[in-house]
Amino acid sequence: MTRNIALFVSGTGSNARKIIEYFQDKEAVNCPLLISNKASAPALAMAEDYGLETMVLERPDFYESEDLLTVLEKYDIHLIVLAGFLWLIPPYLVAAYPRAIINIHPALLPKFGGKGMYGMHVHRAVKAAHEEESGITIHYVNERYDEGDIIFQARCQLEESDGPELIAQRVQALEHRHFAPVIERLLSGDRSFAG
Ligand code: GRF
């Protein structure tokens, strides 16, 4: 049976692109829909180039109505993938997709997570803390930032001389390598690493 995923983004969408490309020729997983909370997100044009349906979310529609559920039902979405999506997920959506919303965070949670910890803020904090390693965390999403159960982590060693930009590059390479295969394993019902 084909499983459908919806990609939620706020920006560039380099992870979304990797995921779309990874599943392009696979029957088990389909990516019909990309949703952005920003009309200016470059990810929208990228997704349209790949033939996805796209949608821009307005804040009141997201937080003050549940209309989004109708859209997700229309596309028969099994898994919501947050790939650089910066808004907190409202309770009605968490309740409608129990353990079926996942996020990728560019650090080793529970360290360097929470509100305001996104993008270069994370990598600067990692640098300031003189961490010897960083990495990625893929986790289930609940109503609080970066607190859902962890599904998968991958690590990279950091050199003393690495600045935040280089840390960001090392972490992004891990994101691009691991996110899509982890989604594939999750959707195949492989619970060996997913709790
Ligand atoms: C990634 O670093 C991801 O971990 C975080 O947001 C960033 C999105 O980057 N949640 P991109 O838009 O996929 O390039």
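A polar contact is a pair of N or O atoms within 3.5 Å of each other. Keep that in mind as we walk through this structure, which is a predicted model.

Let's start with the ligand. An oxygen atom of the ligand is 2.8 Å from a polar backbone atom of Gly13, so the pair falls inside the 3.5 Å limit for a polar contact. Asn15 joins in with its backbone too: one of its backbone N or O atoms lies 2.8 Å from a ligand oxygen. Glu175 uses its side chain instead, placing a polar atom 2.3 Å from an oxygen atom of the ligand. How much of the ligand does the protein cover? On its own, the ligand has 370 Å² of accessible area, and the protein covers 80% of that.

Now look at where all this happens. The ligand sits in the largest pocket. Around the ligand you'll find Thr12, Gly13, Ser14, Asn15, Gly84, Ile104, His105, Pro106 and Glu175. Sort that shell by character and you get two nonpolar residues, six polar ones and one charged one. Glu175 is the charged member, because Glu counts as charged in this sorting. Which parts of the fold help build the shell? Helix H1 (14–23) and strand S5 (101–105) each supply at least two of its residues.

Next, leave the ligand and hunt for aromatic rings. Searching the whole structure turns up seven aromatic pairs. One of them brings together Phe8 and Phe85, arranged edge-to-face, with 5.3 Å from centre to centre and 75° between the planes. That angle earns the edge-to-face label because the planes are over 60 degrees apart. Try tracing the chain between these two rings: Phe8 is in strand S1 (residues 3–9), while Phe85 is in the loop between strand S4 (77–82) and helix H5 (91–96). They are 77 residues apart, so this pair links distant parts of the chain.

Finally, follow the chain to the loop between S5 and helix H6 (120–128), which is where Pro110 lies. Here the backbone does a couple of things worth a look. Most peptide bonds are trans, and most residues other than glycine have a negative phi. The peptide bond from Leu109 to Pro110, though, is cis, with omega near 10°. Phe112 is found in the loop between S5 and H6 as well. Although Phe112 is not a glycine, its phi is positive, at about 60°.

Definitions and conventions:
Residues are numbered from 1 along each chain as its sequence is written. This is a predicted model: local features need pLDDT of at least 70, side-chain atom pairs count only at pLDDT 80 or more; totals for chains, interfaces and linings use all residues. Side-chain values use heavy atoms; hydrogens and water are left out. A residue is near a molecule or strand if one of its heavy atoms lies within 4 Å of it. A polar contact is a pair of N or O atoms within 3.5 Å; within protein, one must be able to donate a hydrogen and the other to accept it, and residues adjacent in sequence count only if both atoms are side-chain atoms. Accessible areas come from the Shrake-Rupley method with a 1.4 Å probe; for residues, only the protein chains shown count as cover. On a 1 Å grid over the protein atoms alone, a cavity is a set of points where a 1.4 Å probe fits but cannot get out, and a pocket is an open set with protein on both sides within 12 Å along at least five of seven lines; lining residues have an atom within 4 Å of a point. A molecule sits in a cavity or pocket if more than half of its atoms lie within 2 Å of its grid points. Helices (H or I, at least four residues) and strands (E, at least two) are DSSP runs, numbered from the N terminus. Rings of Phe, Tyr and Trp (its six-membered ring) pair if their centres lie within 6.5 Å; planes under 30 degrees apart count as stacked, over 60 as edge-to-face and the rest as tilted.
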